[in-house]
Amino acid sequence: MSELETLLERCEVLYRDSSLAAARDWKEETGGLAIGYMPIYIPRELLHAQGVLPVALMGGGDDVEIIRGDAYYQSYICHLPRSTIELGLNGSYDALDGLLFPAICDVIRNLSGMWKLQFPDKLVRYLDVPQNFDPEVGGRFYRHELESLSADLTARGARPYDAEALRASIKAYNENRRLVDDLYGLRRDQPWKVPTSEFYLVLRASLVIPLAESTRLLRDYRDASLASERQPMDQARVLLVGSFCEQPPLGLLKTLERSGCYIVDDDLAQIHRWIQGDIAEEGDPLQNLVDAFLEQSIASPVRYIDEETKGAALVERVKQSAAEGVLFCAPSFCDPALLDQPMTSAAVEAAGIPWTAFKFSENTGQFQVIREQAGTFSDSIKLWSGE
Ligand code: SF4
């Protein structure tokens, strides 16, 4: 087995391990706290600086049988909260000392309430993030949220806040983010070297292990991908958008690739790229976290963007990634993604960019229809683009 195959095999084990063995092992070794978080954004740097392991929770994918989860939710909402509550109730998340629920949508807000009722002994926090980006309004509010989160962690046994520790954590996460950016750049330039179905496993695995290990993993994958002898194929370059929270099953990503698409940009596992670029390393590190959130957050349906400019960032990303078309790929019943789609698809249409749309659920098992749709889309791009 090649080094790359060994690395990917390990990533797939981590990706599929809903009982969080890596977090359990880390806790046994260090005695530290492990805190889970829901998509999309939490200040991982702050947790890391206080000696806490942040663990990304992104639903159960297509591996988890929902037995009790459906009883907690009506039929017309997305799948992610059902599998999350299922995994909580069946003990898969027992290793976690708490869960953070960042403000994404009403579903996540409701889930945080259910979690409080079901797991009264654990830390459960709804992390409200600002939708007003004025430093004097949203900035002050968010700083207060961070201070309060830090105090909650300390009360649970984490190390107290220390500015120098946070500065070091910001540096370490900047390095991690730069590697992710390198990989996105490599895939944009040579997508045959970084197949998305593979890259995605690395992105997911790197969010459930300690940071130093995550950085090593990203570097090893980058080096192995660069060294690979894979040859380009005649595929259409597409940007995949809409899967920022509930994640598509791995089989769906493989299906898109097999249907003739090179995914050259996406919003999968978006916490990796929520903050664009480095967070400042000089000055007050807590304020740097606040400023980065206000000024460097990615354009996302869960972040306030004026209707006049909605879609502009997507069009810009299409240009930057030299994508030839956009696949709108949102989870069924995802309000933030599907309410944005008419406006963002209109912006894409106005820019003359081909697009198509379909929906998925994390446990979708049949891909034939999507395969035909994506295959037709990529064929039409190859046949008629540039005319
Ligand atoms: S998939 Fe969409 S609706 Fe469901 S929790 Fe995530 S953002 Fe909310």
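These notes go through a predicted model, from its sheet to its helices, its ligand shell and a few backbone details.

1. Sheet order. Four strands form an open sheet in the order β2-β1-β3-β4, and the pairing is parallel. β2 and β4 (123-127) are the edge strands, each pairing on one side only. From one strand to the next the twist averages 25°.

2. Strand β1. This strand covers residues 34-37. Ala34 and Gly36 point one way, Ile35 and Tyr37 the other, and all are buried. The pattern fits a general rule: in a regular strand, side chains alternate between the two faces of the sheet.

3. Partners of β1. On β2 (residues 53-56), β1 pairs in the parallel sense over four bridges. Leu53 is the bridge partner of Ala34 there. With β3 (residues 98-102), β1 also runs parallel, joined by three bridges. Ile35 stands opposite Gly98 in β3, and Tyr37 has Leu100 as its bridge partner in β3.

4. Crossover. β1, helix α3 (residues 44-49) and β2 make up a β-α-β unit, and the unit is right-handed. The loop between β1 and α3 holds Ile40. Look at the bond just before this residue: the peptide from Pro39 to Ile40 is cis, with omega near 20°. Most peptide bonds are trans.

5. Helix α5. Residues 106-118 form this helix, which lies across β3 and β4. Its direction is at about 160° to β4.

6. Helix α7. This helix runs over residues 163-189, 27 in number. From first C-alpha to last it reaches 39 Å, close to the 39 Å expected at 1.5 Å a residue. Its buried residues include Leu166, Ile170, Tyr173, Leu179, Val180 and Leu183. Arg167, Arg177 and Arg187 are also buried. What do the buried residues of α7 pack against? The partners are α3, α8 (196-205), α9 (211-227), β6 (261-265) and α11 (285-296).

7. Ligand shell. The ligand is surrounded by 13 residues. Cys78, Cys105, Cys245, Glu246 and Cys334 are the closest. Two elements, α5 and α13 (335-350), give two or more residues to this shell. α13 gives the most, with three residues.

8. Arg317. This residue sits in helix α12 (residues 312-321). Is Arg317 buried, exposed or partly exposed? Arg317 has 19 other C-beta atoms within 10 Å. Burial needs 20 or more and exposure 12 or fewer, so Arg317 is partly exposed. Leaving aside neighbours within four places in sequence, Arg317 is in contact with Leu239 and Asp265. Asp266 is 51 residues away along the chain, yet its C-alpha atom is separated from that of Arg317 by 9.5 Å.

9. Positive phi at Ala269. Phi is about 40° here, although Ala269 is not a glycine. Most residues other than glycine have a negative phi. Ala269 is found in the loop between β6 and α11. Ala269 counts as buried because 22 C-beta neighbours lie inside 10 Å.

10. Positive phi at Ala322. Ala322 has phi near 55°, again a positive value in a residue other than glycine. The residue lies in the loop between α12 and β7 (325-331). Ala322 counts as exposed because it has 12 C-beta neighbours inside 10 Å.

Terms used:
Residues numbered from 1 in each chain as written. Predicted model: local features only at pLDDT ≥ 70, side-chain atom pairs only at ≥ 80, totals over all residues. Pairing = 2+ DSSP bridges. Right-handed = clockwise from strand over helix to strand, strands pointing away. Expected span 1.5 Å × (residues − 1). Contact = placed C-beta atoms within 7 Å. Axes fitted to C-alpha atoms, helices over the stretch in contact; angles between N-to-C directions. Near = placed C-beta within 6 Å.
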